[in-house]
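Colleague: I am new to this structure and should be grateful for a close look at a single part of it. Kindly explain each term as it arises.

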Amino acid sequence: MKLSKLEKYFYVDKIIYHSLDLALYNVSVVIDGKEYMVTDEKGQRLKSHNFVALQKKLKNVKAELQVMRQLSAYDEMVGGPSKINNELEVPLGDNKLY
């Protein structure tokens with residue numbers, strides 16, 4: 001879903017900042033229970049190595065909740081069972097550091 005379109009919504013249920021790798025983030029949103037990846041005007045996923053820069057880009061999107069989501073491959077790396085959901089979501093506030 002394009003960022004410009006999101007800014008026109010009354011509100012979104014949740015903004016999810018995905019922590020992908022050492023300081024690499026992308027963004028999705030939940031609208032009416034369905035999750036959408038956020039893209040720029042060219043259709044490229046919105047991503048950044050700077051979390052605060054992403055918050056700044058989404059400052060005009062009205063959201064009930066903002067979270068940081070991280071998945072870890074640790075269980076598989078140490079020989080644990082795969083396919084276990086070890087997703088971690090941490091609620092965030094917008095501290096307006098931008």
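Modeller: Two strands are said to pair if DSSP finds at least two bridges between them, and strands themselves are DSSP runs (E, at least two residues), numbered from the N terminus. The model is predicted, so local features need pLDDT of at least 70 and side-chain atom pairs count only at pLDDT 80 or more, while totals for chains, interfaces and linings use all residues. Residues are numbered from 1 along each chain as its sequence is written, and side-chain values use heavy atoms, with hydrogens and water left out.

The part chosen here is strand S1, residues 12-21. S1 and strand S5 (residues 63-70) pair in the parallel sense over seven bridges; in S5, Val67 is the bridge partner of Ile16. With strand S2 (residues 24-31), S1 pairs in the antiparallel sense, again over seven bridges, and Ser19 stands opposite Tyr25 in S2. S1 and S2 form a hairpin with two residues between them, and Ala23 in the turn has a positive phi of about 60°.

Seven of the ten residues of S1 are buried, so that the strand is mostly covered; buried means under 20% relative accessible area, exposed over 50%, and partly exposed in between (1.4 Å probe, protein chains only).

Lys14 is linked with Glu35, Arg69, Glu87 and Glu89 in a network of salt bridges, a salt bridge being a side-chain nitrogen of Lys or Arg within 4 Å of a carboxyl oxygen of Asp or Glu. Within this network, the side chains of Arg69 and Glu35 meet at 3.3 Å, N to O.

Note on methods:
Helix = DSSP H or I, 4+ residues; strand = E, 2+ residues; numbered from the N terminus.
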